[in-house]
Amino acid sequence: MKIFQREQRSLFGEILDWMLTPLLLLWPVSLVLTWLVAQSLANKPFDRALEYNVHALAQLIMVEDDGRIQFNLPLPATEILRADESDMVFYQVLNNKGEHLSGDRDFPAAHPRYEVPAGEVVLRDDELRGVDIRVAAMWVRLPLVGEDELALVQVAETREKRSVLAAEIIKGVMLPQFVILPLAVLLVWLALARGIKPLHRLEERIRARKPEDLSPLNHRGVPMEVVPLVDAVNDLLRRLNESLATQKRFLADAAHQLKTPLAGLRMQADLAQRDGNSTEELKRSLEQIGRSSIRATHTVNQLLSLARAEAAGAGLQRAPCDLAQLVIEVVQELLPLAMDRHVDMGYEGADPGSAGVWLHGNATLLKELVRNLLTNAIHYSPSSAEQPAVVTARVLPDPLARMVLLQVEDTGPGVPPEERELVFQPFYRALGTGADGSGLGLPIVQEIARQHGAEVVLDDAQPQRQPCGALFSVRFPALRKAPVFEAEND
C-alpha cells in the first residue's frame, strides 16, 4: 500500500509567498491605474486650450442689423488655429438654424442644445474621418435676436499630443518601479531571513541539549509569537519528566516486590536440594515454592494490568457499556474464589439493560476495575465456615446527576482514615490484615477510573459497628440515553 505524506512547507517560503504574491499581483493593477491617471492628467492642459479656442471663436460671431448672422475669422487667426506640429485642429460654426457658417462641414454632431446650458463648454471624445479626436463644443446665445436663438461653436483636435504626454508619464512611473520592485523583493527576503534567526537559535539550543536534559526551555531571545510554542514544549517536557520519574519509581518498586518471592523460590530450592531431607521436608519446600511462584505470577500479572491501564491513555477504545451486566459477569467469575474463602458474595441494584446504567468506556478495563475491587474485598475480609464474610456489589443509577454509581462493600476491618490515600499508591499494603497481595489492585482501579472520568471514594461501610468494613464507591458519567441495538437476523 502506497503511503502519501503531506508535503512539508517552509515557514520562510510560506511568508515570502504571502508577501510577494500580492505585491506582484498589485503591480499590473497599479500600472493600469497609473495609465488612467496619466490620461486624465494629459487631457487637462490641452482641454483648457480647446476651451480657450471655443471662447475665442464665439467672440467672432456677429449679428447684422438685418438679423443675419456672420462669422468672420481673420487669416492670422486661421493660421494660428492650424499651426500645430503634432495634431490636426478642426472647427465648425453653425447658426441658429443649424446652417453651416464656417469650418469643417463633416464635423460630428454635438449634444442637443436643450441638454446643455448656453455658454458652457462641453468636452467629449469622438471620431472624425476615422481618427479619434477630442471635441470642445459650446452653444452661444446670440444678442438682439431672442433667448432661444443659439449658435454652435465646436473645436476639435486629434489626440497625438495627449498620447505622447500620457506615455511620458507612464514611462516616468514605470521605470522607477522596475528598479524598486526587485529592491523591495530583496529587502523583504533580508527582513524575513533576519526575522526567523531567533527560530534558528532556538533550534540550535534544543539540538545542543543532552538526551537526559528535560529542563524547561528559556524564553530568552524568543519572539513573542513563538512563546506559546515554547510554553507548550515546556509543558510536554514537564509531563515527560514526570512520566519518566514515575516509570523509574515504578520499576524500582516492582524490582523490590519481585525480589522477595524470587529469593524465597531460590531458598526453598536450595533447601529441597540438601541431602538427607525427609519426604515431609521436601513436600513443605515444594509447597513454599508453589506459593512463591503464585505470588510472583500474581505480582507480574498486576504489573502488566497497571501498565496496560496507564498505556491506554488517549488511544482507549470506547463504546456504550452496560455497567450492571459487566459487574454481574465479574461476580459470576469470582464466585469460585469467594466460595473457597467462605465469602458470601452477591449483587444488588439495577437490572442489566435498564436506564441509567450505561456509560461510555472500555469494557475490558471496566471489568478489570470491578475484578480488582471484588478481589480486594474477598482477600481483606476475614471469613470462616462458621462466620462467612459478606461482599456486595451494587450498581445504582443517579438520573438527576447523570451519573451511575458502582459500590463494593465488605465486612472486613476497614481502612483507617489516615491510610485511605496511601492504599491507592503502588505496592502499599495495610499492616495487620494478614492478607497476601501485591499492593497494585487499588492503583489499577484508580487509573482505570481516571481514564473514564470517574472518582473513587473510600469510606467505612458501617461506621457504627466494629469491624466497620470498607465501602468503595466509583461514580461514572452516565449516557443520557440507553443505546439502541438492531436485532440480528437469523
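**Close-up 1. Arginine 238 and its partner in helix α5 of the predicted model.** Arginine 238 has a relative accessible area of 40%, so this residue counts as partly exposed. Its side chain meets that of aspartate 235 in a salt bridge, with a distance of 2.6 Å from N to O. Both residues belong to helix α5 and sit 3 residues apart, which is about one turn of the helix. Aspartate 235 is partly exposed too, at 29% relative accessibility.

**Close-up 2. The salt bridge between arginine 450 and glutamate 447 in helix α9.** The N to O distance in this salt bridge is 2.5 Å. Here again the two residues are 3 apart within one helix, about one turn. Are the two partners buried or exposed? Arginine 450 is exposed, with a relative accessibility of 53%. Glutamate 447, at 13%, is buried because the cut-off for a buried residue is under 20%.

**Close-up 3. The salt bridge between arginine 420 and aspartate 460.** The side chains of arginine 420 and aspartate 460 meet at 2.6 Å, N to O. Arginine 420 is in the loop between β12 (403-410) and α9 (441-451), while aspartate 460 is in strand β13 (residues 455-460), so the pair ties together parts that lie 40 residues apart in sequence. Arginine 420 counts as buried, with 16% relative accessibility. Aspartate 460 has a relative accessibility of 25% and counts as partly exposed.

**Close-up 4. A network of salt bridges.** Seen here are residues that salt bridges link into a network. The acidic members are Asp47, Asp125 and Glu157. The basic members are Arg134, Arg159, Lys161 and Arg162. How many salt bridges does a search of the whole structure find? The search finds 21.

**Close-up 5. Arginine 220 in a loop between two helices.** Arginine 220 lies in the loop that runs between α4 (197-207) and α5 (227-272). This residue is exposed, because its relative accessible area of 59% is over the 50% cut-off. Which distance separates the C-alpha atoms of arginine 220 and proline 198? The two C-alpha atoms are 9.8 Å apart, and the residues are separated by 22 residues along the chain.

Definitions and conventions: Residues numbered from 1 in each chain as written. Predicted model: local features only at pLDDT ≥ 70, side-chain atom pairs only at ≥ 80, totals over all residues. Heavy atoms only, no water. Helix = DSSP H or I, 4+ residues; strand = E, 2+ residues; numbered from the N terminus. Buried < 20%, exposed > 50% of the residue type's maximum accessible area, 1.4 Å probe, protein only. Salt bridge = Lys/Arg side-chain N within 4 Å of Asp/Glu carboxyl O.
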